[in-house]
Amino acid sequence: MKNLVIIANGGAGGINFPHRRAQGLKKAVSVGYEILKNGGSSIDAVEQAIMVLEDTTIFNAGTGSTLGLTGEVEMDASIMTADGNYGAVAAIKNVRYPIQVARLVMEKTDHLLLCGDGALKFARLCGIKYHNPKTKEKIRMWERAKNRLKSDYFPKLYKLKELYETVGVVAMDTNGFITAGTSTGGISLHLPGRVGDTPIIGAGTYANKYGGVSTTGHGEMIMKTLLAFRTVAYMEKYSAPVAGKMAIDYATRVKCRAGIIGIDREGKILCVNNTEAMSWCYIKNGTMKSFY
């Protein structure tokens, strides 16, 4: 039997409220692993695990996403499978589970990425109901950060918030089939319409027959380096742990602050970051390990 593996992260950066993060991550991988253990697909496991994280309001994804400069929530998500199928949404508003819409894009359209109002209209046509993802906690954070921002835009923004709380999940099922997915509300106080690395194929998410990866961190630099694709490309010749070290060393050299999780075709795990910390949890063949 192939290895059964699922790994999730709750973002790279500083870690506030570690207990809340750990509880959310443990619940997410447990839900996903139960699907894998019962013979379910890695696609279902990744989607369901990310949905748990999107409902866990400490994370910056789904309900509890950070607010942009104008106080709106614009969310990105993507999912990719080892056979090359991919779906993503960018700057989507007022849905509970962006990852669910990303999967619908993958399975029901001929496109890879839908954004903004078009993504929202597609979601509604697929029966996805209205949901307000704002929470009082994130509204208070937005108000405090905006008061400190004054009139500065990038790159001053990054000095205000060093937490990159994108969530990601990668899983391998009983058939050895790998799926990777990522979801985020983006960097706090981003300009309206800003799209980060999460929905960009090869930047935030990538998978092929050699492995699958989800990244978190400074989205603009992750896009420039195509960090997810780069990491999976290393897996063609190297195991996941070695590929992870090579990728994060490269990221450090080019001053890309990031975290990476992934699984290779042998079921080996990578979990690396060059930020202050990264919250993570995984279950492999029934054994759970986490950052906290």
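Two strands count as paired when DSSP finds at least two bridges between them. Keep that in mind as we walk through this model, which is a predicted one.

Let's start with strands E1 and E5. Strand E1 covers residues 5-13 and strand E5 covers residues 167-172; the two run antiparallel and are joined by five bridges. You can pick out individual partners here: Ala8 has Val169 in E5 as its bridge partner, and Ile6 stands opposite Ala171 in E5. What holds strands like these together? Strands of a sheet pair through backbone hydrogen bonds, in either a parallel or an antiparallel way.

E5 has a partner in strand E6 (residues 178-184) too, and these two pair in the antiparallel sense over six bridges. Look for Gly168, which stands opposite Thr182 in E6. Now follow the chain from E5 to E6: the two strands make a hairpin with five residues between them. In that turn you'll find Gly176, whose phi is positive, at about 75°.

Is E5 mostly covered or mostly open? It's mostly covered, since six of its six residues are buried. In a regular strand, side chains alternate between the two faces of the sheet. E5 shows two sets of residues: Val167, Val169 and Ala171 point one way, while Gly168, Val170 and Met172 point the other way, and all are buried.

Time to zoom out. E1, E5 and E6 belong to an open sheet of eight strands with mixed pairing, in the order E4-E3-E2-E6-E5-E1-E11-E12. At the edges sit strand E4 (113-115) and strand E12 (287-290), each of which pairs on one side only. From one strand to the next, the twist averages 10°. Helix H1 (residues 18-37) packs on this sheet, where it touches E1, E5, strand E11 (277-284) and E12. The direction of H1 makes about 155° with that of E1.

Some of the residues you've just met turn up again in the largest nonpolar core, which has 49 residues. Ile6 and Val169 are among those with the most contacts inside this core, along with Leu53, Ile92, Val95 and Val101. Which helix gives the most to this core? That's helix H2 (residues 42-55), with eight residues. For a close-up, try Val101: setting aside neighbours within four places in sequence, Val101 is in contact with Val89, Ile92, Val95, Ala119, Phe122, Ala123 and Ile128. There's also a second, separate core of 26 residues, and it includes Ala88, Met235, Ala247 and Cys256.

Finally, have a look at the rings. A pair of aromatic rings is described by the distance of the centres and the angle of the planes. The count here is three aromatic pairs. One of them is Tyr206 with Phe229, 5.1 Å centre to centre and with 85° between the planes. This pair is edge-to-face because its angle is over 60 degrees. Tyr206 lies in strand E7 (residues 205-208) and Phe229 in helix H8 (residues 227-234), so the pair ties together parts that are 23 residues apart in sequence. Tyr206 counts as buried at 16% relative accessibility, whereas Phe229 is partly exposed, with a relative accessible area of 39%. Another of the pairs, Phe291 with Tyr292, is tilted, with 5.9 Å between the centres and 35° between the planes.

Rings can have charged company as well. The charged end of Arg20 sits over the ring of Phe17, 5.2 Å from its centre, and Arg230 lies over the face of Tyr250, at 3.7 Å from the ring centre.

Technical notes:
Residues numbered from 1 in each chain as written. Predicted model: local features only at pLDDT ≥ 70, side-chain atom pairs only at ≥ 80, totals over all residues. Heavy atoms only, no water. Phe/Tyr/Trp six-rings, centres within 6.5 Å; stacked < 30°, edge-to-face > 60°. Helix = DSSP H or I, 4+ residues; strand = E, 2+ residues; numbered from the N terminus. Buried < 20%, exposed > 50% of the residue type's maximum accessible area, 1.4 Å probe, protein only. Lys NZ or Arg CZ within 6 Å of the ring centre and 35° of its normal. Core = buried A, V, L, I, M, F, W, Y, C linked by side-chain atoms within 4.5 Å. Contact = heavy atoms within 4.5 Å. Axes fitted to C-alpha atoms, helices over the stretch in contact; angles between N-to-C directions.
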